Amino acid sequence: MRDGDRMVKVSGDTATFVLSGTVSPSDVSSMRRACRAIPARVRTLQLNLGDVDGLDAQVMDGVRSVVRDWRASRGGDFRLDLTTPHLVARMEERAAGS
């Protein structure tokens, strides 16, 4: 995964994580710290996993925990984009009233 300062892009009220390479459980902690550093005005978190080499169950559990923390602390929206040569998937959750 890239360094924290290069993996987060903030535009308006959306922050996008662009993950690449192999994501390890320790990278999940980096994601959590990076989320805390995102300005409070940002309400939508988008995870782009298109360049990730592979995600095991432990890492996916960690990613889900980051999403839960985001929703609990921001009350905002979440979007996950995953694109591979064989799959294009998007999961989107909006906060109540969005």
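Residues 24 or more positions apart account for 63% of the contacts in the protein with a separation of 6 or more, in a model that is predicted. The protein contains 3 helices and 5 strands, and these elements follow one another along the sequence in the pattern α-β-β-α-β-α-β-β. Of its 98 residues, 39% count as buried, while the accessible surface amounts to about 5600 Å², with 49% of that area belonging to carbon and sulfur atoms.

Confidence in the prediction averages a pLDDT of 78 over the protein, and 80% of the residues score at least 70. Among the elements, strand β1 (residues 8-11) has the highest confidence, at 89, whereas helix α1 (residues 4-7) has the lowest, at a mean of 52. Where pLDDT is low, the predicted coordinates should not be read in detail.

In soluble globular proteins, nonpolar side chains tend to be buried together. In the present model, the largest nonpolar core comprises 23 residues, and those with the most contacts inside it are V8, F17, L19, M31, I38, L45 and L47. Two or more residues are contributed to this core by each of β2, α2 (25-37), β3 (44-54), α3 (57-74) and β4 (77-84). Of these, α3 gives the most, with 5 residues.

L45, one of the core residues with the most contacts, lies in strand β3. Its relative accessible area is 0%, and L45 is therefore classed as buried, the cut-off being under 20%. Leaving aside residues up to four places away in sequence, L45 touches A15, F17, C35, W70, D77, F78 and R79. The C-alpha atoms of L45 and T14 are 5.9 Å apart in space, although the two residues are 31 residues apart in sequence.

The contact of L45 with C35 leads to helix α2, in which C35 lies. The C-alpha atoms of this pair, 10 residues apart along the chain, are separated by 8.7 Å. C35 is itself buried, with a relative accessible area of 8%, and, again not counting residues up to four places away in sequence, C35 touches F17, L45, V66, W70 and R74. F17 and W70 thus appear among the contacts of C35 and also among those of L45.

Helix α2 has 13 residues, which at 1.5 Å a residue should span 18 Å, and the end C-alpha atoms of the helix are 19 Å apart, in agreement with that expectation. Within α2, the buried residues are D27, V28, M31, A34 and C35. Seen down the helix axis, the buried residues of α2 fall within an arc of 120°, so they line one face of the helix. The face turned away from this buried side carries R36 and A37, which are exposed.

A further buried position is T16, which is found in strand β2 (residues 14-22). T16 has a relative accessibility of 16%, and because buried means under 20%, T16 counts as buried. Apart from residues up to four places away in sequence, T16 touches M7, V8, K9 and Q46. One of these contacts, V8, is listed with L45 among the residues that have the most contacts inside the largest nonpolar core.

Technical notes
Residues are numbered from 1 along each chain as its sequence is written. Side-chain values use heavy atoms; hydrogens and water are left out. Helices (H or I, at least four residues) and strands (E, at least two) are DSSP runs, numbered from the N terminus. Buried means under 20% relative accessible area, exposed over 50%, partly exposed in between (1.4 Å probe, protein chains only). Contact means heavy atoms within 4.5 Å. A nonpolar core is a set of buried Ala, Val, Leu, Ile, Met, Phe, Trp, Tyr and Cys residues joined through side-chain atoms within 4.5 Å. pLDDT is the predictor's confidence in each residue, from 0 to 100. The expected span of a helix is 1.5 Å times one less than its number of residues. The arc is that of the directions from the helix axis to the C-beta atoms. Accessible areas come from the Shrake-Rupley method with a 1.4 Å probe; for residues, only the protein chains shown count as cover.
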